[in-house]
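Subject: Structure handover

Hello,

Here is the structure I said I would pass on. My notes on it follow below.

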Amino acid sequence: MKNQRIADLFSAMADLLEILGESPFRVNSYRKAARVLEELAEDIEAVAAADRLTEIEGIGDSTAEKIRQYLAEGRIEQYDKLKAQVPPDLPGLLDVPGLGPKTVAKLWKQASITSVAELREALDKSPDRLLAVEGLGQKKLDQIRQSLAFQAEAGGRIRLNTARELAERLLADVRRAPGAQRATFAGSLRRGKETIGDIDLLCQADAKHAAGIIQRFAASEGVERVLASGGTKGSVVLAGGVQADLRVVEPPSYSAALMYFTGSKEHNIRLRELAVQKGWKLNEYGLFDGEKRFQADDEADLYTRLGLAYVPPELREDRGEVEAARDAALPELLEAGDLRGDLHMHTTASDGHNTIDEMIDACRAKGYQYLAICDHSKSQVQARGLDEKRLAVHVEAIRKAARRHKDILVLAGVEVDIFKDGSLDFSDDVLAGLDFVTASAHSALAMSGPEATKRLIRAAEHPCVHCIGHPTGRMINSRPGMEIDVAELARAAAANGVALEINAHPVRLDLRDVHVRAAVEAGAKLVINTDAHSTDQLDLMGYGVTTARRGWARKGDVLNTLTPAQLRKWLGAKRKFPRG
């Protein structure tokens with residue numbers, strides 16, 4: 001976690017320097033340091049203890065000294081000095097989607113806007129004051145209004161991976177407490193929702209140990225404030241303002257408590273209604289017939305008593321799962337072990353951090369049978385996108401690597417940009433020479449829904465395209481993305497033998513769960529990819545699997561559950577394969 005905390009501080013320092021008009025060199029040096037620390041696989045404390053900080057590319061003597069200061073003091077003096085040079089609430093403007101440091105600086109210096117509250121007030125009462133700011137027109141003000149509305153809707157919710165990391169750290173402490181028998185997370189985190197409000201934890205223990213377990217939880221690293229520390233429940237606030245709650249329950253109540261606190265509220269209401277119809281009572285303590293509590297070794301026992309098949313946590317949203325469980329019609333959901341490969345990743349050829357061979361080795365270590373390397377196309381200048389000449393060299397390097405690694409199928413691909421009109425960044429001749437083509441939109445993401453849908457459908461109809469990458473282009477808690485008609489796109493994808501991607505990166509999770517279900521119902525093939533830009537990001541695949549499960553996806557719905565021979569056949573349905 002300290003890697004991320006220091007990375008966040010360096011990123012904030014870069015923002016402050018840019019707001020203050022410092023040199024781009026200084027700004028970029030801190031941004032690079034932040035990116036390096038975010039992607040560093042080693043514990044930064046261990047690296048510092050071994051005196052190897054400056055051996056990390058992007059970490060010089062100055063940044064290394066700041067890292068040492070943070071590890072020793074929990075602060076960076078330079079950050080404190082920079083923060084003191086701007087109004088205290090000014091950095092909060094950077095959290096508004098679409099507002100970068102340069103625009104924030106102009107709002108401050110040209111319109112005396114120093115907080116989100118002042119920005120909202122100016123938009124409502126004195127928009128002319130904002131229109132006087134260099135670079136702000138009416139269209140930009142409308143976009144800012146939309147961003148503020150989106151930000152308010154997102155609220156204080158954190159992304160799934162962040163919540164998972166915080167929960168696992170807390171659970172490690174809980175499990176070490178004397179008397180703790182088993183412990184897990186519940187709530188929306190267990191259901192796999194893309195964003196989480198509060199973190200709910202549950203522990204099974206005998207009553208005599210409960211208070212001690214709660215005390216251990218309240219003393220966990222990262223706890224900033226204890227809200228409650230009672231005999232069976234503890235509530236704390238973690239760094240960043242996230243609330244975490246722990247409940248300790250006795251063994252006879254654990255299964256019912258896990259069901260109850262997993263939720264959702266709507267799902268629980270449906271279950272309680274079924275219990276009432278049988279003359280029973282269901283709550284967090286158990287399923288009761290009068291005073292008699294039915295024995296339940298696990299949640300499945302409770303569902304069986306209620307006349308239902310077991311409902312996986314990801315489906316408990318009252319979206320038809322109760323009726324399907326009653327009628328024995330629940331789908332056999334995709335499992336993580338069903339996946340045989342990852343068909344979207346990047347290398348040092350564009351903006352990735354590992355070589356072709358390193359990505360291949362990492363995929364082999366995960367037990368994969370195939371992979372597709374899909375670096376960016378030329379329009380992604382900021383990502384060092386490949387032009388035709390560089391792509392040709394890169395493809396040849398991939399094919400040579402494939403010949404060296406005969407035990408795993410290595411596909412030469414590209415992530416080609418989809419332009420606003422649906423055309424692609426490379427010619428048909430270039431794309432036809434590749435094994436796997438992912439087409440993605442990276443710009444013009446504010447276009448209208450019908451326009452955006454037509455744009456993606458045109459790309460899906462291209463004879464060389466195998467996959468539409470992160471279809472809406474959204475960034476969770478940051479950018480809403482395009483409001484496409486997923487069912488219409490899915491029908492076009494199915495008709496043209498094109499897969500729709502579930503991008504497993506927790507910042508994207510795109511397609512989202514409800515879109516996955518719409519795509520499945522429309523008959524489209526899905527593909528779950530990490531879009532990994534480093535070997536460690538290949539580990540993000542589980543978040544994509546969770547999203548697929550929330551969308552009722554089965555093994556047969558997902559392209560990368562196919563065997564290598566089956567994948568070759570699927571690819572061959574579009575054009576001759578393999579090449580070279």
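Two strands count as paired if DSSP finds at least two bridges between them. Please keep in mind that this is a predicted model.

By that criterion, strand β15 (residues 467-469) pairs with strand β16 (residues 499-503): 2 bridges join them, and the two strands run parallel. One residue to look at is C467, whose bridge partner in β16 is A499.

Both strands belong to an open sheet of 7 strands, in the order β11-β12-β13-β14-β15-β16-β17, with parallel pairing. At the edges are β11 (341-345) and β17 (525-529), each of which pairs on one side only. From one strand to the next, the twist averages 30°.

Helix α17 (residues 356-365) lies across β11, β12 (370-376) and β13 (409-417). Relative to β12, helix α17 runs at about 145°.

Next, the nonpolar cores. In soluble globular proteins, nonpolar side chains tend to be buried together. The largest nonpolar core here has 65 residues, and the members that touch the most others are L431, I468, L500, L526 and I528. There is also a second, separate core of 49 residues, with A14, V27, Y70 and I144 among them.

Last, helix α6, which spans residues 101-111. Its buried residues are P101, V104, A105, L107 and A111. An α-helix has 3.6 residues a turn, so residues three or four places apart point the same way. Just after α6 comes S112, which takes a positive phi of about 55°.

Regards

Methods. Residues numbered from 1 in each chain as written. Predicted model: local features only at pLDDT ≥ 70, side-chain atom pairs only at ≥ 80, totals over all residues. Heavy atoms only, no water. Buried < 20%, exposed > 50% of the residue type's maximum accessible area, 1.4 Å probe, protein only. Helix = DSSP H or I, 4+ residues; strand = E, 2+ residues; numbered from the N terminus. Axes fitted to C-alpha atoms, helices over the stretch in contact; angles between N-to-C directions. Contact = heavy atoms within 4.5 Å. Core = buried A, V, L, I, M, F, W, Y, C linked by side-chain atoms within 4.5 Å.
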